[in-house]
Amino acid sequence: MKLSEVPIGAGAVIRHVALGDAGEGRRLREVGFVPGTTVVVERRAPMGDPTVYQVRATRFALRRAGADLVDVDQVERPQP
Amino acid sequence: MSTALATRPTQVALVGSPNAGKTSLFNALTGIRAKTANYPGVTVSRREAPIEVDGRPMVIADLPGTYGLEPISPDEAVVADALRGRIDGIDAPDALIVVADATSLERSLFLVAEVLDLGMPTCLVLTMIDEVATRGGHVDTDHLAAALGIPVVGIVGHRGIGLDQVHRLLADIDAWSAPVIGPPAEPEARAAWVDSVARSAAGPLRPDERTRRVDAVLLHKVWGVVVFVVVMLVFFQAIFTLAAPVVDLLGNWVTSASEFARSHLPGLLGGFVADAVIGGVGAVIAFIPQIAILFFILGLLERVGYLARAALLADRLMGRFGLEGRSFVSMLSSFACAVPGIMSTRGIPNERQRIATMMAAPLMTCSARLPVFTLLIGAFVPNRSVLGPLHTQGLVLFGLYALGAVSGLAYAAVVSRFALAGPTAPFLMELPPYRWPTAKAVALHMWEGVWSFLRKAGTIILAATVVLWAMTTLPRATHDVGATPEQRAAHQIEQSAAGRLGKAVEPVFAPLGFDWRTNVAVIGSLAAREVFVSTLAVTTASDERALPERLQTLRHADGRPVYDAPTVAALLVFFVYALQCLSTVAVLHRESNSWKWPALAMGSMFALAYGAALVAHTIVGAIT
């Protein structure tokens, strides 16, 4: 499934990050959205987009278009 | 080290992601000696400052914040190009300092890995190490240095802790080396490398509970929006109202200085010094209170961490118009004045959204349009009650504001879609932990905003004022014509270059109903929109107090009123759209680092203004 489809509060393990038309996916990989990494979906902005994700102790906001590039397996939220 | 190298200062560049504390370190190392310039061809600015370490001259350059060295859009290529010495006229750095936030060490290590790939002498400075301790973690810098193969120190940049270590490192810069074995290239192997380096050198941090609790409110569906609206209202009110008394005070001083010059210097020279020179300086300093307040509040919100949250809340809305969350703050500031509004776009990371935002900023109804609107609405719109306290005059004013805002957003969407084609970096915004900023950091931010405005735009605004003074004053009328001082002044301006130009363009503006008197006032308003009112008072041989009545009764030679309803409507709409402000053009030029964007803005907004005014003239003409 896509990272954008993971519900709030759940975790996900990244399988693949697509490059995107302009290579946007590369930037995601550069900040740590890399296969095997666990992402926690923290909260959505009140208007429904963007969404806040936690990756390796850093919190990033991504728009849906960005999160669509990330292919994941949903997992239980990992205990901190 | 060879003597040839010793004659040239050692170039050291700071590399790091946004929010890593790069600027704090830069300021702590260099004080306020920084020079700001633009990289050629892009809106990204570059700061550097000379320092001396143990008698050795160095130049520290603060590169724009970046998450990676693989550029997606042209403005992002600046960092990668600067590091490799591929920018004309800018030397490649001799050594690099990677600045990384110790509280998100793993994420930072990805950038460290990319910098290490460059194979240059490098060291790593970890910032915010105090927060690591308070969150129950630890970082072993020696261990990290061994794992990375480069020197590592930990600091608390804005409090000056650990700076002595950075100085010691800089003194020993010749000993920095690129690591013998770099990090693995393949993405998954690199991620494993990052995790293992981080795990071996640092203990896990407790989640930042304070930030989590604050975000539960500030990003809440209801309370988050309430706080957002309140913060933005306070912000807007502060720019609008806190600045006003200071601007008035400065204005009074400028007026006194002008009168003093006029009464002590003969004729034309007195006029030149009073109106062109002192008036021009006054035009520049009138912006300072607003810019100071804007940069103070933005610096505070940014350093506390709220600006990122505000951008998150507004992003969906602004995204529909090709903008992003941070554009909201710039647009809002532009309702006070487009000059600080355009300057605030510096915080928008992607060039596409940055340019689209600054291009739309002049369409937001700024406070300088208010005197024009107030004059025309007050004189020509009958004040009838429509519904309870709602009156026609208020509704017309509201309609003009709404017209500007809606048009501005649509304009941004068009600019972003058509004029700025090309790849854009994805929307990626870090939500930093909430932090208490130091007064010094906020004060420095404010000072930099004011200083860069004075240095970059001040001279252009001053020059524009002098030119406009000359146009409305020269050549002098050969005879005094008229019985009263007002009539003589009206005759004088009619004979001036602006007067002649105003008459020459009468055929162009005739479809809008503007006669030469209006045209001259429109030309004069290029200095600042509110100058329209004072210039119109001169061209109509009136004074500002009697102006509304004068405009109501002014007739053409054939007895038709000069200001009939269609003309007034056209004039109001014209001022909604026209980029009738050379200060805005100057700032647009400086912030976009080109003449292309200000030229496009002026041209397209004039076309919009003319077209919309023609439509308004036609419609009002048909229904009255």
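Reader: How many bridges pair strand 1 of chain A with strand 2 of chain A?
Author: This is a predicted model, so take it as that. Strand 1 covers residues 11–17 of chain A and strand 2 covers residues 38–44, and they pair in the antiparallel sense. Within that pairing, Ala12(A) stands opposite Val39(A). The number of bridges is 3.

Reader: Which residue takes a positive phi in the hairpin of strand 2 and strand 3 of chain A?
Author: Strand 2 of chain A pairs with strand 3 of chain A in the antiparallel sense, over 5 bridges. One spot to look at is Arg43(A), whose bridge partner in strand 3 is Val52(A). The hairpin has 6 residues between the strands, and the one with a positive phi, near 95 degrees, is Gly48(A).

Reader: Moving along, what stands opposite Val55(A) in strand 4 of chain A?
Author: Strand 3 of chain A, residues 51–55, pairs with strand 4 in the antiparallel sense over 5 bridges. Across from Val55(A) in strand 4 you'll find Thr58(A).

Reader: Which residue of chain B is the bridge partner of Ala61(A)?
Author: Here the pairing crosses between chains: strand 4 of chain A is joined by 3 bridges to strand 10 of chain B, residues 428–430. Those two strands run antiparallel. Ala61(A) has as its partner in strand 10 Met429(B).

Reader: Why is one side of strand 5 of chain A left without a neighbour in the sheet?
Author: Put the pairings together and you get an open sheet of 6 strands, in the order 5(A)-1(A)-2(A)-3(A)-4(A)-10(B). On average, its neighbouring strands are turned by 35 degrees against each other, direction ignored. Strand 5 (70–75) of chain A and strand 10 of chain B stand at the edges, so one side of each lacks a neighbour because each has a single partner strand.

Reader: How many residues of chain A are in contact with chain B?
Author: Helix 1 (24–30) and strand 4 (58–62) of chain A each give at least two residues to the side that touches chain B. By class, that side has 14 nonpolar, 7 polar and 10 charged residues. On the other chain, 32 residues of chain B take part, and for chain A the count is 31.

Reader: Which helix supplies the largest share of the largest nonpolar core?
Author: That core has 201 residues, and Leu572(B) is one of those with the most contacts inside it. Leaving aside neighbours within four places in sequence, Leu572(B) is in contact with Phe373(B), Leu376(B) and Leu400(B). The largest share is 10 residues, and it comes from residues 565–577 of chain B, helix 26.

How values were computed: Residues numbered from 1 in each chain as written. Chains lettered and ligands numbered in written order. Predicted model: local features only at pLDDT ≥ 70, side-chain atom pairs only at ≥ 80, totals over all residues. Contact = placed C-beta atoms within 7 Å. Helix = DSSP H or I, 4+ residues; strand = E, 2+ residues; numbered from the N terminus. Nonpolar A, V, L, I, M, F, W, Y, C, P; charged D, E, K, R; others polar. Pairing = 2+ DSSP bridges. Axes fitted to C-alpha atoms, helices over the stretch in contact; angles between N-to-C directions. Core = buried A, V, L, I, M, F, W, Y, C linked by C-beta atoms within 7 Å. Buried ≥ 20, exposed ≤ 12 C-beta atoms within 10 Å, placed from the backbone.
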